[in-house]
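Here is a short set of exercises for getting to know a protein model. Try each task by yourself before reading the solution.

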Amino acid sequence: MQETSMIEAKGMIDSEMPLLSRLRQMIVTGVVQPGDMLAETALAQDFDVSRTPIREALKQLEREGLVEVRPRVGSFVRKPTQREIHEMFELKESFEGLAAGLLARRGPVPELEQLKENVVYSRQAVERGDIELYSQLVHEFHSTLVAGADNRKLSEHYDLLMNQLAYHRIVSQTLSLPGRLQNSVGEHQAVIDALSSKDPLAAELVMRRHVASSSQSAAVAALQEDDNEPLP
């Protein structure tokens, strides 16, 4: 494990965000990786605050499942187990399937147009092989879908789940798998086609299939990552 320097990370996170949000964003976007130490002293210096708000923020992130606090050792970015990741993807499939069904019932709302525009940009990113841009567009696609469901409680639980899953990091890993980039954008188009048909059941089914496919890719990517880890 290495103590994480936050100097470069500060330039990648919006400095106007509250401290807790900035620390959370660093974890969920992969600025800091699972297993990295989150040293209170270094964080306090980098964010120009005392150690007290840093400690409180880390406690909250521990409650959210993002940080592991080891007594007399320190705080570390928590790495979910494979079982936890599988279970969270099961919830993700349910949440997004529900969201797709609710969105299909709403008809031609702005979020549907945003999803169509997203796929246009996504195809361009695929043609250029721009994985980083595409991973950002994937995050926007799924967030827009859930927002389009117009269900605040669903959005609240979904946001917490996505933070625990650190979805941006997982997407970046899965898109490196052969063929996943092209398959992903095709699945997004299929979701839009189902939403446009205004058939809630069809939209939910197609969305669930897409998430299940993502889950399978995440499992493969995790196995490859474990194989590439150096032996102790």
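The exercises below go from the whole chain to single residues, and the model they use is a predicted one.

**Exercise 1. The overall layout**

Task: Find how many helices and strands the chain has, and the pattern they follow along the sequence.

Solution:
- Step 1. Count the elements: there are 10 helices and two strands.
- Step 2. Read along the sequence, and the pattern that appears is α-α-α-β-β-α-α-α-α-α-α-α.
- Step 3. Look at burial: of the 232 residues in the chain, 45% are buried.
- Step 4. Turn to the contacts between residues at least 6 apart in sequence: 73% of them join residues at least 24 apart.

**Exercise 2. Two helices that pack**

Task: Describe how helix α2 and helix α3 pack, and name the residues that make the contact.

Solution:
- Step 1. Choose what to report: two packed helices are described by the angle between their axes and the distance between the axes.
- Step 2. For α2 (residues 40–47) and α3 (residues 51–63), the angle is about 115 degrees and the axes are 9 Å apart.
- Step 3. Add the handedness: the crossing of α2 past α3 is right-handed.
- Step 4. List the partners: α2 brings E40, T41, L43, A44 and F47 to the contact, while α3 brings R51, I54, R55 and L58.

**Exercise 3. Buried or partly exposed?**

Task: Decide whether E40, T41 and Q60 are buried or partly exposed.

Solution:
- Step 1. Recall the cut-off: buried means under 20% relative accessible area, and partly exposed runs from there up to 50%.
- Step 2. E40, in helix α2, has a relative accessible area of 18%, so E40 is buried. Leaving aside residues up to four places away in sequence, E40 touches R51, I54, R55 and L58.
- Step 3. T41 also belongs to helix α2. Its relative accessible area is 42%, so T41 is partly exposed. The C-alpha atoms of T41 and R51 are 6.4 Å apart, with their positions 10 residues apart along the chain.
- Step 4. Q60 sits in helix α3. The relative accessibility of Q60 is 25%, so Q60 counts as partly exposed. From Q60 to R24 the C-alpha distance is 9.7 Å, and the two are 36 residues apart in sequence.

**Exercise 4. The nonpolar cores**

Task: Find which residues of the largest nonpolar core touch the most other members, and which helix gives the largest share.

Solution:
- Step 1. The largest core has 40 residues, and those touching the most other members are F89, L115, Y134, L145, L165, Y167 and L195.
- Step 2. Trace where the core comes from: α4, α5, α6, α7, α8, α9 and α10 each supply at least two of its residues. The largest share is that of α4, with eight residues.
- Step 3. Zoom in on L195: beyond residues up to four places away in sequence, L195 touches A100, L103, A104, L112, L115, L145 and A203.
- Step 4. Apart from this core lies another, of 17 residues, including L19, L23, I27 and V28.

**Exercise 5. A buried serine and a ring**

Task: Which residues does S184 touch, and what sits over the ring of F76?

Solution:
- Step 1. S184 is in helix α9. With a relative accessible area of 3%, S184 is buried.
- Step 2. Not counting residues up to four places away in sequence, S184 touches Y134, V138 and H210.
- Step 3. Over the ring of F76 sits the charged end of R70, 4.0 Å from the ring centre.

Definitions and conventions:
Residues are numbered from 1 along each chain as its sequence is written. This is a predicted model: local features need pLDDT of at least 70, side-chain atom pairs count only at pLDDT 80 or more; totals for chains, interfaces and linings use all residues. Side-chain values use heavy atoms; hydrogens and water are left out. A charge sits over a ring if NZ of Lys or CZ of Arg is within 6 Å of the ring centre and within 35 degrees of the ring normal. A nonpolar core is a set of buried Ala, Val, Leu, Ile, Met, Phe, Trp, Tyr and Cys residues joined through side-chain atoms within 4.5 Å. Buried means under 20% relative accessible area, exposed over 50%, partly exposed in between (1.4 Å probe, protein chains only). Helices (H or I, at least four residues) and strands (E, at least two) are DSSP runs, numbered from the N terminus. Contact means heavy atoms within 4.5 Å. Axes are lines fitted to C-alpha atoms, for helices over the stretch in contact, and angles run from 0 to 180 degrees between N-to-C directions. A crossing is left-handed if the near helix is turned anticlockwise from the far one by less than a right angle, and right-handed if clockwise.
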